[in-house]
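Work through these exercises with the structure in view. Try each task before reading its solution.

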Amino acid sequence: MANGRHPARVPVAAPVAAAAASQASVPRPARPADERHAALQEVACDRCAAMVGVAKFSPQHTSVQWTLAATAACAEFSARQAAGERSALIETCASLRDSLDRAVAEGRLEVTPP
């Protein structure tokens, strides 16, 4: 404020724009695959033929997409629902689990790591 003058003001947008421009030239690492967008493979249960969508990411990690038709066709789900359980709370079907393991062993279900 010497001589009654105000110091020069730097627009706030200028430093922000400069920082953004310098960041744009820095390569970003590739984003990891998101299992929510994985391609599902259809697999039928060997016991009851219930058809489910499956994404198999590793021997331990399997994502199963049940449909209303699959839960209605599943012998284990039907028996448990008849006993009073709600289908949304039934974790798995042992027969389907065996069918998925067999499908992997026979090459019908591909293991695709994310």
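**Exercise 1. Find how strands E1 and E2 pair, and what joins them.**

Solution. This is a predicted model. Start with strand E1, residues 41–44. E1 pairs with E2 in the antiparallel sense, over four bridges. Next, pick out one bridge: glutamate 42 has glycine 53 in E2 as its partner. Now follow the chain from E1 to E2. The two strands form a hairpin, with six residues between them. In that turn, alanine 49 has a positive phi of about 70°.

**Exercise 2. Find how E2 is joined to strand E3.**

Solution. Locate E3 at residues 62–65. E2 and E3 run antiparallel, and four bridges join them. Two positions show the register. Alanine 55 stands opposite serine 63. Lysine 56 stands opposite threonine 62. The connection is again a hairpin, here with five residues between E2 and E3.

**Exercise 3. Put the strands in order and say which stand at the edges.**

Solution. Three strands form an open sheet, and their order is E1-E2-E3. The pairing is antiparallel. E1 and E3 each have a single partner strand, so they stand at the edges and one side of each lacks a neighbour in the sheet. From one strand to the next, the twist averages 40°.

**Exercise 4. Explain why strand E2 is largely enclosed by the rest of the structure.**

Solution. Take E2 at residues 51–56. Apply the cut-off: a residue is buried at under 20% relative accessible area. Five of the six residues of E2 are buried, so the rest of the structure largely encloses this strand.

**Exercise 5. Is phenylalanine 57 buried or exposed?**

Solution. First place the residue: phenylalanine 57 lies in the loop between E2 and E3. Its relative accessible area is 5%, so phenylalanine 57 is buried. Then look across to proline 113. The two residues are 56 apart in sequence, yet their C-alpha atoms are 4.4 Å apart in space.

**Exercise 6. Place valine 104, classify its exposure and list its contacts.**

Solution. Valine 104 lies in helix H4, residues 94–105. Its relative accessibility is 28%. Partly exposed covers values between the 20% and 50% cut-offs, so valine 104 counts as partly exposed. Leave out residues up to four places away in sequence. Valine 104 then touches Lys56, Leu109 and Val111. Lysine 56 is 48 residues from valine 104 in sequence, but 8.8 Å away in space, C-alpha to C-alpha. Lysine 56 also brings us back to the sheet, where it stands opposite threonine 62 in E3.

Note on methods
Residues are numbered from 1 along each chain as its sequence is written. This is a predicted model: local features need pLDDT of at least 70, side-chain atom pairs count only at pLDDT 80 or more; totals for chains, interfaces and linings use all residues. Side-chain values use heavy atoms; hydrogens and water are left out. Buried means under 20% relative accessible area, exposed over 50%, partly exposed in between (1.4 Å probe, protein chains only). Two strands pair if DSSP finds at least two bridges between them. Contact means heavy atoms within 4.5 Å. Axes are lines fitted to C-alpha atoms, for helices over the stretch in contact, and angles run from 0 to 180 degrees between N-to-C directions.
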